[in-house]
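Hi everyone, and thanks for coming. I'd like to walk you through a structure that may be new to you, so let's put it up on the screen.

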Amino acid sequence: MDILGQLLVSGIAVGGVYALIALGFVIIYKATSIINFATGEFMMIGAYLLYTFMVMTGLPAIPAFLLVMAGAALLGMLVERAILRHMLGQPTISIVMVTIGLSSILMGLAELIWSTGFKNFPPLFPRAPIIVGDIIIRSNLFWGFVIAMAAVIVFALIFKYAKVGVAMRATADDQMAAFSMGINVRNIFTLAWSLGAIAAALGGVIIGNIGGIQPTLGHIGLTIFPVVILGGLDSIGGAVIGGFIVGIVENVAGGYLDPIVGGGVKAIAPFVVLVLILLFRPYGLFGKEDIERL
Amino acid sequence: MNILSVENLSLSFGGLAALTDITFQVRAGEIFSIIGPNGAGKTSILNCIGGFYKPQQGRITLDGKDVTKTSPDRRAAMGLARTFQNIALFRGMTVLDNIKLGAHARLKTSLLQALLYWGPAHAEEMALREDVEKDVIDFLEIEPIRKLPVGALAYGLQKRVELARALAMRPKVLLMDEPVAGMNAEETEDMARFVLDIKEERGGTIVLIEHDMDVIMDISDRVMVLNFGHKIAEGTPEEIQHHPEVIKAYLGEKKN
Amino acid sequence: MRVGDFKESYAADEAVFRTSTARFWLGVFLVALAVFPFVAGDYLLYMANLTGVAIVAAVGLNILTGAAGQISLGHAAFVGIGAYTSAILVTRLGLPFLLCLPLSGLAAAFFGVIVGAPSMRMKGLYLCIATLAAQVIFEFIFVHWVPVTGGIRGINVPAATVFGLQLDTEFKFYFVTIPIVILVVTAARNLFRTRVGRAFIAIRDRDISAELMGINLFQYKLYAFATSSFFAGVAGCLNVFLLKVVTPEHFPLHESVRYLAMIIVGGLGSVLGSIFGAIFMTMVPEALQSLLNLFQGLDPAVMEYLFPLQTVIFGLLIVVFLVFEPQGLAEIWRRVKDYFRLWPFEH
């Protein structure tokens with residue numbers, strides 16, 4: 001029983017981070033209808049930026065954190081202005097591929113700038129593990145979860161109540177209508193990309209702090225697809241719930257099945273669940289089905 | 001003889017009634033028009049006949065066979081063709097290929113034959129080319145544009161190509177959704193002539209939705225009038241023009 | 001300058017190579033293909049074989065994604081299924097190469113149909129992610145089903161034998177690759193001369209009106225998946241006998257992305273584009289390597305930048321083509337041809 005408890009707790013902790021990254025993904029999707037295959041690379045860049053600011057320039061953690069967020073926002077803006085703005089109205093395949101191309105560019109650049117070697121963060125949090133009953137939580141995981149949840153709440157509040165958030169939701173609902181109401185749709189796109197990049201970068205920092213950083217850190221970004229599909233691509237609440245489901249599923253399945261099949265279960269369990277759900281609910285658990293017209 | 005019959009058709013979207021208890025029959029070889037104000041449910045009727053919308057109630061019979069539960073592609077194969085209010089051509093293909101696509105359901109080439117091409121597929125394609133040239137392209141006078149991509153064509157010509165694609169299906173019933181909308185006077189006249197020719201030279205049956213009352217009154221054999229999803233009148237153009245309910249629907253309630 | 005495109009019959013007008021000039025250049029090209037192995041060295045022949053395999057796979061993907069509009073992130077997995085099928089058939093049952101070829105295609109097509117079946121209910125992005133799931137799951141099976149796939153060490157296969165002749169050199173293998181490429185390209189081209197190919201494009205352009213025109217969407221989407229993965233399976237078989245080994249490393253997600261990049265750069269939905277794209281995307285990394293070799297004298301560490309640079313350039317190619325030349329190399333080729341058609345009276 002305590003093994004299961006341990007796995008559940010790790011699952012929830014990791015799930016919280018997934019929820020944050022998925023949230024960034026969904027913000028971009030809702031505002032622009034683009035699914036960002038470079039989410040993982042945004043994470044990776046975020047982690048490297050923090051490493052650069054803390055280790056290479058010796059800034060303390062909090063200013064470094066703020067600079068990472070600023071850097072991510074800038075990256076998101078740049079990507080939207082330089083690339084995605086030119087892709088308006090293109091077929092789905094082209095938009096999917098352009099973000100895949102982007103992910104390749106970012107990964108190659110990271111290898112050129114920071115080399116392919118493995119790097120560790122300086123300790124950000126107190127080392128002592130958190131102990132609840134007989135369950136032990138690594139401090140990195142615990143504090144990562146706390147930060148992720150705080151960020152999720154902030155993002156959700158922005159989206160729900162702030163003026164820009166309302167404008168973003170309006171744009172997501174009906175671009176033409178939002179445009180005619182005086183909302184600057186293009187600025188909303190840029191803003192969505194910036195927010196999405198910040199969420200991903202924060203997630204990347206947390207993941208990098210747990211497991212160290214490498215240019216291939218972005219591969220974790222693939223796990224975001226089961227998360228957002230489970231939640232339905234356009235549901236913020238769904239993304240958060242999907243994050244927890246995937247975190248728990250991969251940890252529990254990995255914990256029990258890895259010894260039997262010899263590893264790798266963690267990576268595919270979410271995809272197996274994804275396939276099963278898509279078979280029965282082709283628009284995810286919380287997604288909307290489009291009504292089509294002629 | 002009735003070639004298309006719709007009985008007690010009702011359609012709603014999440015409790016919002018789009019069509020209520022619509023019944024009508026279309027006779028072979030006539031032009032049957034459906035008119036009504038915007039939002040009256042005209043296009044919804046075509047969508048139900050074509051099988052794109054699933055009505056909650058009612059029965060649709062095509063050439064004596066109940067097709068209420070039949071899939072849209074089967075209905076097309078049984079002889080139901082359609083043109084669309086907002087042009088729905090396949091933009092990645094030439095005019096010729098769009099027209100050939102209309103013949104899809106009556107062709108036989110299988111996947112394997114298609115990959116091999118030589119033999120049955122080749123023979124079928126050659127026969128098809130001759131067929132659409134003589135039967136459709138010639139008839140609609142679109143020879144000069146047959147090799148162009150449809151996206152390059154003017155609006156009026158696109159509408160004509162759409163009609164060509166529908167004719168290539170050799171339909172028993174042709175559903176036309178606003179064929180002259182947005183056309184200039186000359187294009188409108190051409191289109192009206194083609195629709196009449198389809199009926200008179202080829203014995204075709206046409207169900208027509210149109211807002212242009214001159215065209216409707218000129219070429220229709222019978223007209224049905226809808227308002228807010230209800231059928232309010234049916235008759236010859238003459239009768240419809242003097243029908244009190246119709247005048248009310250179009251001009252609004254008269255205060256006495 | 002060529003003038004006067006007048007045809008006496010519809011058959012002549014429907015031919016693939018419609019002018020005598022086109023047929024002449026096709027002839028020249030085929031002769032060049034036949035002469036090439038006698039003048040090229042082993043390295044060039046190896047590249048030619050590798051490119052041939054890529055063309056077969058890319059043509060397959062372009063049928064599914066380019067023409068029928070169903071995005072697949074799992075194409076490499078189907079190439080892998082073909083490769084493992086061949087490796088198992090030849091090592092366990094000793095089947096001859098020429099039998100492995102179609103059987104690998106059929107095995108891949110079988111799984112293609114299974115993966116494609118939910119496409120009736122899923123559209124666009126959801127389908128795209130479902131194929132991503134297929135890629136991840138098949139990759140897992142390749143690695144972990146050790147008794148069948150040999151795990152990460154994979155399966156070694158002997159050289160292919162055709163009519164008693166061992167294809168143990170690049171030179172000999174070339175004479176298998178090229179005819180198969182020609183067959184596959186011809187078959188794909190044929191497809192788009194018939195109702196099947198037209199139906200694919202119609203589904204991509206407007207699926208609802210395609211259905212109202214009498215196309216059974218489910219049937220034709222499955223056709224697209226089956227054809228596409230059949231070609232992938234054939235490419236997999238060629239790949240195994242070319243490399244004499246199959247391991248999971250040959251079919252990662254990145255490989256699926258590489259096939260997508262080929263059809264984007266070459267031209268979506270164009271058979272010719274698949275060929276251009278496959279050649280281009282196979283040659284660019286090699287060209288880059290040769291370029292860096294030139295600078296190695298100045299700084300020996302320059303080769304360290306090879307892989308990161310390849311990654312960046314790969315991404316840049318995709319992005320630049322999508323933004324500036326979305327119709328790909330096939331469109332550039334068409335413009336070049338048009339220029340010469342009227343040359344020297346281009347204005």
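**A sheet, a long look at one helix, and a few turns**

Let's begin in chain B, where strand β3 (residues 31-35) and strand β9 (residues 222-227) run parallel and are joined by 4 bridges. Please keep in mind throughout that this is a predicted model. If you want a residue pair to look for, find B:I35, which sits opposite B:V225 in β9(B).

Now zoom out a little. Those two strands belong to an open sheet of 6 strands in chain B, ordered β6-β7-β8-β3-β9-β10, and the pairing is mixed. Which strands stand at the edges? They are β6 (80-83) and β10 (230-235) of chain B; each has a single partner strand, so one side of each has no neighbour in the sheet. Going from one strand to the next, the twist averages 15 degrees.

Over to chain C, and to helix α11(C). This helix has 27 residues and reaches 39 Å from its first C-alpha to its last, close to the 39 Å expected at 1.5 Å a residue. Is α11(C) mostly covered or mostly open? Mostly covered: 22 of its 27 residues are buried.

Both ends of this helix deserve a stop. At the N-terminal end, C:N216 acts as a cap, with a side-chain oxygen 3.2 Å from the backbone nitrogen of C:F218. Just after the helix comes C:K244, with a positive phi of about 65 degrees. Most residues other than glycine have a negative phi, which is the reason for pausing here. C:K244 lies in the loop between α11 (217-243) and β4 (245-246) of chain C, and at 27% relative accessibility it counts as partly exposed.

Chain A offers another case. A:S33 also isn't glycine, and its phi is positive, near 60 degrees. Look for A:S33 in the loop between α1 (2-32) and α2 (39-56) of chain A. With a relative accessible area of 48%, A:S33 is partly exposed.

Last stop, back in chain C, with two helices that pack together. Helix α4 (residues 75-92) and helix α12 (residues 253-266) of chain C meet at an angle of about 110 degrees, their axes 7 Å apart. That makes α4(C) roughly perpendicular to α12(C). Which residues make the contact? From α4(C) there are C:H75, C:A76, C:A77 and C:V79, and from α12(C) there are C:E255, C:S256 and C:Y259.

That's the tour, and I'm happy to go back to any of these places on the screen.

Definitions and conventions: Residues are numbered from 1 along each chain as its sequence is written. Chains are lettered from A and ligands numbered from 1 in the order in which they are written. This is a predicted model: local features need pLDDT of at least 70, side-chain atom pairs count only at pLDDT 80 or more; totals for chains, interfaces and linings use all residues. Side-chain values use heavy atoms; hydrogens and water are left out. Buried means under 20% relative accessible area, exposed over 50%, partly exposed in between (1.4 Å probe, protein chains only). The expected span of a helix is 1.5 Å times one less than its number of residues. A polar contact is a pair of N or O atoms within 3.5 Å; within protein, one must be able to donate a hydrogen and the other to accept it, and residues adjacent in sequence count only if both atoms are side-chain atoms. Two strands pair if DSSP finds at least two bridges between them. Axes are lines fitted to C-alpha atoms, for helices over the stretch in contact, and angles run from 0 to 180 degrees between N-to-C directions. Angles under 35 degrees count as roughly parallel, over 145 as roughly antiparallel, 65 to 115 as roughly perpendicular and the rest as oblique. Contact means heavy atoms within 4.5 Å.
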